[in-house]
Amino acid sequence: MISLKDLKKKVKENGYKLTPQRKAILKVLIGHNKHFISAEDILKETIKIYPNLNITTIYRNLEILEDINMLHKTKDNNTALYCLICEESHHHHIICKICGKTEIIDFCPLKKFSDLVKEKNFILTDHKIELYGYCEDCKKDLNP
Ligand SMILES: [Zn+2]
Ligand SMILES: [Zn+2]
Ligand SMILES: [Zn+2]
């Protein structure tokens, strides 16, 4: 699991200052390890320590963290959800549609895709695959 120390280092290596607000946001993200959460959720927790924080600041910080490759971002309807990147190497995630819990899926269908893309005379540069479902706890609530 990533520690706050590692995260601080990464922020600094990328030329950003670790402001108290940024640190508070990182702490919330660590606290929600293996869960995707919204900017609103992050605000709810950080505002307890920094009452002046607002949603714009949260989004601005999340954008920076995303730019320097520290966050996974996904969308639930129209809400963006965030989670700390768990490992540097390429991987995919299964995400619970109810609570945002996530696990790594260590399989990538890239090889097959690139063959099919080549057939269409395209060069494949990126891909993003997310799997959605219900986690063990939420599954129980679905079928009592
Ligand atoms: Zn990940
Ligand atoms: Zn769940
Ligand atoms: Zn992949």
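What spacing do the donors of the zinc ion (ligand 2) follow along the chain? In this predicted model, the spacing is C-x2-C-x35-C-x2-C, and the residues concerned are C96, C99, C135 and C138, each of which coordinates the zinc ion (ligand 2) through its SG atom at 2.3 Å. The angles subtended by the 4 donor atoms around this ion run from 104 to 117 degrees, and the arrangement is therefore tetrahedral, given that four donors count as such if all angles lie between 85 and 135 degrees. Two of these cysteines can be described further in terms of their accessibility: C96 has a relative accessible area of 5% and is buried, whereas C99, at 31% relative accessibility, counts as partly exposed.

The zinc ion (ligand 3) is coordinated by the NE2 atoms of H90, H92 and H127 together with the SG atom of C108, at 2.0 to 2.2 Å. Along the chain, the donors of this ion follow the spacing H-x1-H-x15-C-x18-H. Within this set, H92 belongs to strand β4 while C108 lies in the loop between β5 (102-105) and α5 (110-119), so that the pair ties together parts that are 16 residues apart in sequence. The 4 donor atoms around the zinc ion (ligand 3) subtend angles of 100 to 118 degrees, and this arrangement is accordingly tetrahedral. With regard to accessibility, H92 is buried, its relative accessible area being 5%, whereas C108, with a relative accessible area of 29%, is partly exposed.

Attention may now be turned to the largest pocket, which holds about 540 Å³ of space. A total of 20 residues line this pocket, and those nearest its centre are H72, I85, H91, H127 and K128; of these, H127 is also a donor to the zinc ion (ligand 3) through its NE2 atom. In terms of character, the lining comprises 4 nonpolar, 8 polar and 8 charged residues. At least two residues of the lining are supplied by each of the strands β2 (71-76) and β4 (92-96), and the largest share, 3 residues, comes from β2. At the level of domains, the lining of the largest pocket draws at least three residues from domain 1 (4-84) and at least three from domain 2 (92-142).

Notes
Residues are numbered from 1 along each chain as its sequence is written. Chains are lettered from A and ligands numbered from 1 in the order in which they are written. This is a predicted model: local features need pLDDT of at least 70, side-chain atom pairs count only at pLDDT 80 or more; totals for chains, interfaces and linings use all residues. Side-chain values use heavy atoms; hydrogens and water are left out. On a 1 Å grid over the protein atoms alone, a cavity is a set of points where a 1.4 Å probe fits but cannot get out, and a pocket is an open set with protein on both sides within 12 Å along at least five of seven lines; lining residues have an atom within 4 Å of a point. Grid points are joined across faces, edges and corners, and a volume is the space filled by probe spheres set on the points. Helices (H or I, at least four residues) and strands (E, at least two) are DSSP runs, numbered from the N terminus. Ala, Val, Leu, Ile, Met, Phe, Trp, Tyr, Cys and Pro count as nonpolar, Asp, Glu, Lys and Arg as charged, and the others, Gly among them, as polar. Domain bounds come from an automatic or database domain assignment. Donors are N, O and S atoms within 2.8 Å of the metal (3.2 Å for Na, K and Ca); water is not among the atoms, so sites may look incomplete. Four donors count as tetrahedral if all angles lie between 85 and 135 degrees; four count as square planar and six as octahedral if opposite donors are over 155 degrees apart and all others between 65 and 115; anything else is irregular. Buried means under 20% relative accessible area, exposed over 50%, partly exposed in between (1.4 Å probe, protein chains only).
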